[in-house]
Amino acid sequence: MITIQIKDKQYEIPTEWHEVTLRQYVQLSRWGDNLNAIRLLSIMTEIPYEEISNLPCDEFSIKVVPEMGFLNKPFNPITIRRANEITINGVKLKVIRDVGQERFGQKLFMQQLVTNGIEKKTAHSELVASVVANYYAPYLHPDKKWDDKHVKEVEQDVYNMPVMEAYPEADFFLRGYIVFAKPKPKR
């Protein structure tokens, strides 16, 4: 991480993929090839683009962007291996190994989430927070129950997780629902 100061506040900017949050990754994916220094700074600090646009950002372009060379390296979050435990909002949890042992509400929520995602052609990365929150929310609920309102609260905490921790979890749960198309051979 590299620390920068904007006005009176300091921000930690990732310099490696393992420092990138899921929220940042989703935004990076959305903007893809249309990423400029202003958008990048907005994504990394969560300061609105319009506000960043009106600040001098020469130092960011000169001092920080070169430290973010990891963005030019290939990164495929689907290839990351699952850990044995994850941390959501400071709470360490053992990963779920058997989805069949989870709750009926979770299964219905997943079916609805995936169906809506397919219909709307939602990017895979944009399903990650909802999927992880769906399965781990009961373990964070005061009464240890599944509640769709609580899932939405946990979803916000999942966005703050490192992408390298959240993505493999979501991928584990999504593999039973989404089959990725095999690449067509090049002629």
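This passage walks through the overall build of the protein and then its salt bridges. The model is a predicted one, so everything below is read from computed coordinates.

To start with the fold, the protein has eight helices and four strands. Read from the N terminus, the order of these elements is β-β-α-α-α-α-β-β-α-α-α-α. Laid along its principal axes, the set of C-alpha atoms takes up a box of roughly 55 × 55 × 30 Å. Of the 187 residues, 41% are buried. Contacts across the sequence carry a good share of the picture: among those with a separation of 6 or more, 67% are between residues 24 or more positions apart.

As for the outside, the accessible surface adds up to about 11500 Å², and carbon and sulfur atoms account for 50% of that. Charges come out even in number, with 25 positive and 25 negative side chains. The centres of these two sets sit 9 Å apart.

Some of those charged side chains pair up, giving six salt bridges in the structure. One of them joins Glu-126 to Arg-30, with 2.8 Å between the closest N and O atoms. This pair brings together distant parts of the chain, 96 residues apart: Arg-30 belongs to helix α1 (residues 22-31), while Glu-126 is in the loop between α5 (104-119) and α6 (128-140). Neither partner is fully tucked away, since Glu-126 is partly exposed at a relative accessible area of 28% and Arg-30 is partly exposed at 45%.

A second bridge runs between the side chains of Glu-169 and Arg-82, again with an N to O distance of 2.8 Å. Here Glu-169 comes from helix α8 (residues 163-174) and Arg-82 from the loop between α4 (58-64) and β3 (85-88), so the bridge ties together parts that are 87 residues apart in sequence. The two ends differ in cover: Glu-169 is buried, with a relative accessible area of 1%, whereas Arg-82 is partly exposed, at 21%. With the limit for buried set at under 20%, Arg-82 falls on the partly exposed side.

Another of the bridges pairs Arg-175 with Asp-171, whose closest N and O atoms are 2.6 Å apart. Cover is split between the partners in this case too. Asp-171 is buried, with a relative accessible area of 4%, while Arg-175 is partly exposed, at 48%. Since exposed starts at over 50%, Arg-175 still counts as partly exposed.

How values were computed:
Residues are numbered from 1 along each chain as its sequence is written. This is a predicted model: local features need pLDDT of at least 70, side-chain atom pairs count only at pLDDT 80 or more; totals for chains, interfaces and linings use all residues. Side-chain values use heavy atoms; hydrogens and water are left out. A salt bridge is a side-chain nitrogen of Lys or Arg within 4 Å of a carboxyl oxygen of Asp or Glu. Helices (H or I, at least four residues) and strands (E, at least two) are DSSP runs, numbered from the N terminus. Buried means under 20% relative accessible area, exposed over 50%, partly exposed in between (1.4 Å probe, protein chains only). Contact means heavy atoms within 4.5 Å. Accessible areas come from the Shrake-Rupley method with a 1.4 Å probe; for residues, only the protein chains shown count as cover. Lys and Arg count as positive and Asp and Glu as negative; His and the chain ends are not counted. The place of a charge is taken as NZ of Lys, CZ of Arg, CG of Asp or CD of Glu.
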